[in-house]
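Colleague: I am new to reading structures. Could you take me through a few features, one at a time?

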Amino acid sequence: MFQKKRNTFHGGVHPYEGKELSKDKPIVKAQPGNLLYYAVSQHIGAPAVPIVQKGDHVKAGQKIAEAGGFVSAPVYASVSGTVKGIEKKVSAAGSPVDCIVVENDGLYEKETFEECPHWEKLDADTIRNKIKEAGIVGMGGAGFPTHVKVSPKDPSAIDHILVNGAECEPYLTSDYRRMLEEPEKVIGGLKIMLHMFPKAKGIIAVEDNKPKAIQKLKEVLGNDPDIKVNSMKTKYPEGAERQLIYANTGRYINSKMLPADAGCIVHNVDTVYSICEAVRQGKPLIQRLVTVTGDAITEPGNYLVRIGTSFAELIEAAGGFLQDPEKIIAGGPMMGKAIYDLNIPVTKSASAILCMTKDEVSEYEPSNCIRCGRCVEVCPGRVMPNKLATLAEQGDLEEFQKLNGMECCECGCCSYVCPAKRHLTQTIAGTRKAILANRKK
């Protein structure tokens, strides 16, 4: 049965949306350049292992790197051409990553993909393997291999498959355009998931600032008894996994739990779209939808880009810079990463490039906490960011954990509302990373 929806969660903020720049711009194909760079690590887990050598000819849709373990994903060429070797490139996170370099021959020869018109006759393991072989990962930003996510310890306990259509991050509109322009494949991917978990119901969760998408999805669904479209309150971070599950099922999970522990599996819109293409048409993941936006961009919009294309080429496809930007962010302004190099390859989890004429953050110097409590009020994790940041600065990891510092989801709400302009999220996030690294040791 469907759970009674709660529509939203505790805390959160309402930042300037900025979606008007690109939300009404239909999807446009962006042409790749001469050289494409395929990162072997564009997912959580072990890097993929190259299976091609310098001088090899490859086709679009040909596997060029094999999964390096269970928590890993293969990588496919998105163009035809010649392998030039392996080079290190800077990732959006700022760290170097090995990339397979392919020189585009401009012919776009494709591998032959085997379609499966009667996918509903497939068992769950066969579908899971098709998802794995297609190299699909979470495309909302995390990059967790999807075949792992759909392999819970107890499949019979899964009673909800949630499609995250919230797209609560400011400026981003690619998921919105996908739901509006290709709702059949979004719903198709969800139906495949429901086939894998027959006890589950499907929920497509969309913020109420996207009425056209909600209406379109409902029109395509008709009276489907197994899938609902839930309209959620527009609030950031409504699309965060824990908050999305609570808003739509009333179930609570913490940092020590997985969504499957609450009977849920959560997928991004583009992820279920890619699942549909992989299972029904046999297509591997070789392209994704990226929002290129901001007041420094000439033609803000939503661009369908082949994986391996550089950020610089994608910005050029958007008309280049209208004005030199002071700040460029990979992703959105709340959880994205500021970048200093445009020679970064588009990966499976690259959702947006935000180019801003002013770097407002750099204009403010952080000062002492005034104990106003605003950060505590807006925190969706219900922790005390002001106290946690102080403990992090002092290096008190034990007390940091006692005060539930690991429950921070690094959404940025606390930094956004802090009148003292303290770098709360970054400070807490760094300490969480250190604690997790120590645990692995």
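Modeller: Gladly. Remember that this is a predicted model. We begin with strands. Strand β3 (residues 49-50) and strand β5 (residues 63-66) run antiparallel, joined by 2 bridges.

Colleague: Which residue in β5 is the bridge partner of P50?

Modeller: That partner is A65. Now look at the pairing of β5 with strand β6 (residues 75-76). This pair is antiparallel too, over 2 bridges.

Colleague: What stands opposite A65 in β6?

Modeller: V75 does. So follow A65 in the model: β3 offers it P50 as a partner, and β6 offers V75.

Colleague: Next, helices. How should I read one?

Modeller: Start with the general idea. An α-helix has 3.6 residues a turn, so residues three or four places apart point the same way. Then ask which residues are buried. Take helix α10, residues 385-394.

Colleague: Which residues of α10 are buried?

Modeller: They are P385, N386, L388, A389, L391 and A392.

Colleague: What covers the buried residues of α10?

Modeller: Other helices take part. The cover includes α9 (374-378), α11 (397-402), α12 (413-417) and α13 (424-440).

Colleague: Which residue follows α10?

Modeller: G395 follows, and its phi is positive, near 75°.

Colleague: Now a single residue. Where is T234?

Modeller: T234 sits in the loop between β11 (227-232) and α6 (241-249).

Colleague: Is T234 buried or exposed?

Modeller: Use the cut-off: buried means under 20% relative accessible area. T234 has 15%, so it counts as buried.

Colleague: What does T234 touch?

Modeller: Set aside its neighbours within four places in sequence. T234 is then in contact with H14, E17, E207, D208 and N209. With D208 there is also a polar contact, side chain to side chain, at 2.5 Å.

Colleague: Last, pockets. How much space lies in the second largest pocket?

Modeller: About 550 Å³. There are 26 residues lining this pocket, and the closest to its centre are E277, K283, I286, Q287 and L304.

Colleague: Which elements give two or more residues to that lining?

Modeller: They are α7 (269-281), β13 (287-293) and β14 (301-306). The most comes from α7, with 5 residues.

Colleague: How many residues of each class are in the lining?

Modeller: The lining of the second largest pocket has 14 nonpolar, 3 polar and 9 charged residues. Find E277 and K283 in the model to begin, since both are among the residues closest to the centre.

Note on methods:
Residues numbered from 1 in each chain as written. Predicted model: local features only at pLDDT ≥ 70, side-chain atom pairs only at ≥ 80, totals over all residues. Heavy atoms only, no water. 1 Å grid on protein atoms, 1.4 Å probe; cavity = no way out; pocket = protein on both sides within 12 Å on 5 of 7 lines; lining within 4 Å. Points joined across faces, edges and corners; volume = space filled by probe spheres on them. Helix = DSSP H or I, 4+ residues; strand = E, 2+ residues; numbered from the N terminus. Nonpolar A, V, L, I, M, F, W, Y, C, P; charged D, E, K, R; others polar. Buried < 20%, exposed > 50% of the residue type's maximum accessible area, 1.4 Å probe, protein only. Polar contact = N/O pair within 3.5 Å; in protein donor to acceptor, adjacent residues only side chain to side chain. Contact = heavy atoms within 4.5 Å. Pairing = 2+ DSSP bridges.
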